[in-house]
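The exercises below are meant to be worked with the sequence and the structure open side by side. Try each task before reading its solution.

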Amino acid sequence: MDAREAAAAVAAKGTVTDVELDDDGGTAAWSVETAKAGAWTVDARTGEVSRDLDD
């Protein structure tokens with residue numbers, strides 16, 4: 001999965017403003033920011049989207 005695909009996975013949540021690859025802890029995931037819905041995490045391997053509760 002690339003940055004474009006990660007942004008598309010979250011696009012229904014709001015306007016995507018930033019996408020960064022995060023590989024902390026050995027698991028690669030995309031950190032995707034949206035204008036109104038906050039931060040989301042997209043698993044780089046599976047594409048699973050979850051709310052980023054750290055932000």
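**Exercise 1.** In this predicted model, find which residue of S2 stands opposite Asp-22, and then work out how S1 and S2 are joined.

*Solution.* Begin at Asp-22, which stands opposite Ala-29 in S2. Widening the view from that pair to the two strands, S1 and S2 run antiparallel and are joined by 6 bridges. The hairpin that S1 and S2 form has 6 residues between the strands, and in this hairpin Gly-25 takes a positive phi near 75°.

**Exercise 2.** Starting from Ala-29, identify the residue of S3 that it stands opposite, and continue until the order of the strands in the sheet is established.

*Solution.* Ala-29 stands opposite Asp-43 in S3. The strands S2 and S3 pair in the antiparallel sense over 6 bridges, and they form a hairpin with 3 residues between them. The next step leads from S3, residues 38–43, to S4, with which S3 pairs in the antiparallel sense over 3 bridges; here the bridge partner of Thr-41 is Ser-50 in S4. Put together, these pairings belong to an open sheet of 4 strands in the order S1-S2-S3-S4, with antiparallel pairing. The edge strands are S1 (16–22) and S4 (49–51), each of which pairs on one side only. Neighbouring strands of this sheet are turned against each other by 25° on average, when direction is ignored.

**Exercise 3.** Determine which strands helix H1 touches, and explain why its buried residues are on the same side of the helix.

*Solution.* Helix H1, residues 3–10, packs on the sheet and touches S1, S2 (29–34), S3 and S4, while its direction makes about 50° with that of S2. In H1, the residues Ala-6, Ala-7 and Val-10 are buried. They cover an arc of only 100° around the axis, and therefore they are on the same side of H1. What covers the buried residues of H1 includes S1, S2, S3 and S4. On the other side of H1, Arg-4 and Ala-8 are exposed.

**Exercise 4.** Is Arg-4 buried or exposed, and what separation do the C-alpha atoms of Arg-4 and Val-19 have?

*Solution.* Arg-4 has its place in helix H1. Its relative accessible area is 61%, and because exposed means over 50%, Arg-4 is classed as exposed. Although Arg-4 and Val-19 are 15 residues apart along the chain, their C-alpha atoms are separated by 8.5 Å.

**Exercise 5.** Compare the surroundings of two acidic residues in the segment after S4, namely Asp-52 and Asp-54, and decide for each whether it is buried or exposed.

*Solution.* Take Asp-52 first, which lies in the segment after S4. Asp-52 is buried and yet has no salt bridge, since the nearest side chain of opposite charge, that of Arg-51, is 8.7 Å away, whereas a salt bridge requires a side-chain nitrogen within 4 Å of a carboxyl oxygen. When residues up to four places away in sequence are not counted, Asp-52 touches Ser-31, Ala-39, Trp-40 and Thr-41.

Turn next to Asp-54, whose place is also in the segment after S4. Asp-54 is exposed, with a relative accessible area of 74%. From C-alpha to C-alpha, Asp-54 and Leu-21 are 16 Å apart in space, and they are 33 residues apart in sequence.

Conventions:
Residues are numbered from 1 along each chain as its sequence is written. This is a predicted model: local features need pLDDT of at least 70, side-chain atom pairs count only at pLDDT 80 or more; totals for chains, interfaces and linings use all residues. Side-chain values use heavy atoms; hydrogens and water are left out. Two strands pair if DSSP finds at least two bridges between them. Axes are lines fitted to C-alpha atoms, for helices over the stretch in contact, and angles run from 0 to 180 degrees between N-to-C directions. Contact means heavy atoms within 4.5 Å. Buried means under 20% relative accessible area, exposed over 50%, partly exposed in between (1.4 Å probe, protein chains only). Lys and Arg count as positive and Asp and Glu as negative; His and the chain ends are not counted. The arc is that of the directions from the helix axis to the C-beta atoms.
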